[in-house]
Amino acid sequence: STYESLRASGESSCMSPVNRSAYWMPAMLDGQGNVVRPDYVAVYYKRRPITDPKCDPATSAQAEGKCINLPNGLKFVFGFNWVDPAKSPTGAYYFNCDGNGATQGHYSDIDAAMQYCPVGSKIGAVINAPSCWDGKNLSTPDGRSHVSFPSYGWWGYERCPDTHPYAIPHFTMGAWYTVDANLKTWYLSSDSMNPGGKRGSSFHADFMMAWDPEVKKIWHDNCIDKQLNCSGGDLGSGQQIKQSFPFSWTANPRLVPIPS
């Protein structure tokens, strides 16, 4: 897929074809021969408003970076690093629990979360996308080196690295699943490529930006720069993204047999 091909055709499970961006993570498997479908996936974007002094190095010595809108066609991978597994994962991913009897928290893997996610509750796989861009490349061979994460470093305030001076709207993505009695055997499909790792330790995600340019500008101008609440498809302009399919908080079917 390319930005052009994604924008040109096809439906989208992101509420509406105005957002044909591709958000990907490994499938959750239950160890009993099934894929566990997420009940829902939540994606929300954030960035300092353009008027914030920390959005421009020319106006603040403690600027996070030069704030810009999300570039059309930007794509990257983040999380567990398959190119160099010895490197620390990016995106500060974690597992969380929610619902009846659950104890919320930031758990490093499915094993760590299991005791806090009882049957009937939900377990969430949550990951944060990079927020710094080099300003040159929409992609790179390793899928990672053109984007980065800010840090506090020795200087004591959050800042993008000099190699990636542009602060872009970044998103947090969470996929939420209803827990059943087999949670002790659940794992991510990519875990099988990481022998010896704990269940869920291979968590990573891919992103290909394919928002409709006009709609993207509207939510940049209102949801980001005016800091308006834009949940549920609101665009902060009196307009709302029209949902193109019925929404449900539970997956149906929840389990899909893996083809033999």
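Let me begin with a salt bridge, that is, a side-chain nitrogen of Lys or Arg within 4 Å of a carboxyl oxygen of Asp or Glu: Asp 212 forms one with Arg 7, and their closest N and O atoms are 3.8 Å apart. This pair links distant parts of the chain, since Asp 212 sits in the loop between β14 and α3 while Arg 7 belongs to helix α1 (residues 3-8), 205 residues apart. When I name helices (H or I, at least four residues) and strands (E, at least two), I mean DSSP runs, numbered from the N terminus.

Before going on, I should say that this is a predicted model, in which local features need pLDDT of at least 70 and side-chain atom pairs count only at pLDDT 80 or more, whereas totals for chains, interfaces and linings use all residues. Residues are numbered from 1 along each chain as its sequence is written, and side-chain values use heavy atoms, with hydrogens and water left out.

Staying with the charged pairs, the count by this rule comes to nine salt bridges. Side chains of opposite charge can pair when their charged atoms come close. One of the nine joins the side chains of Lys 122 and Asp 39, at 2.7 Å from N to O. Here too the partners come from distant parts of the chain, with Lys 122 in strand β8 (residues 122-128) and Asp 39 in the loop between β3 and β4, 83 residues apart. Are these two partners buried or exposed? Taking buried as under 20% relative accessible area, exposed as over 50% and partly exposed as in between (1.4 Å probe, protein chains only), Lys 122 is buried, with a relative accessible area of 19%, and Asp 39 is buried at 7%.

Arg 254 and Asp 180 form another salt bridge, with 2.7 Å between the closest N and O atoms. Arg 254 lies in the loop between α3 and β15 (255-257), and Asp 180 lies in the loop between β12 and β13 (187-188), 74 residues apart; Asp 180 is buried, its relative accessible area being 13%. Finally for this topic, Arg 48, Asp 52 and Glu 64 are linked in a network of salt bridges.

The loop between β12 and β13 also holds Asn 182, which is partly exposed at 25% relative accessibility. Asn 182 and Arg 37 are 145 residues apart in sequence, and their C-alpha atoms are 14 Å apart in space.

Let me turn to the strands, where two strands count as paired if DSSP finds at least two bridges between them. Why can we call strand β14 (residues 204-208) largely enclosed by the rest of the structure? Four of its five residues are buried, so the strand is largely enclosed in that sense. Strand β1 (residues 22-24) pairs with β14 in the antiparallel sense over three bridges, and Trp 24 stands opposite Asp 206 of β14. Strand β6 (residues 75-79) is joined to β14 by five bridges, again antiparallel, with Phe 76 opposite Phe 207.

There is also an open sheet of four strands, in the order β13-β2-β3-β15, with antiparallel pairing. Its edges are β13 and β15, each of which has a single partner strand, so one side of each is left without a neighbour in the sheet. Between β3 and β15 there are three bridges, and the partner of Val 36 in β15 is Leu 255.

A smaller detail concerns Asn 81, in the loop between β6 and β7 (94-98), which is buried at 10% relative accessibility. A polar atom of the Asn 81 side chain lies 3.0 Å from the backbone nitrogen of Val 83, and one lies 3.1 Å from the backbone nitrogen of Asp 84.

I will close with the largest pocket, where a pocket, on a 1 Å grid over the protein atoms alone, is an open set of points where a 1.4 Å probe fits, with protein on both sides within 12 Å along at least five of seven lines, and lining residues have an atom within 4 Å of a point. This pocket holds about 1,500 Å³ of space and is lined by 49 residues, of which Cys 14, Met 15, Val 41, Ala 42 and Val 43 lie nearest its centre. Which strand supplies the largest share of the lining? That is β4, with seven residues. By type, the lining divides into 34 nonpolar, 10 polar and five charged residues, with Gly counted among the polar ones and Cys and Pro among the nonpolar.

Note on methods:
Grid points are joined across faces, edges and corners, and a volume is the space filled by probe spheres set on the points. A polar contact is a pair of N or O atoms within 3.5 Å; within protein, one must be able to donate a hydrogen and the other to accept it, and residues adjacent in sequence count only if both atoms are side-chain atoms.
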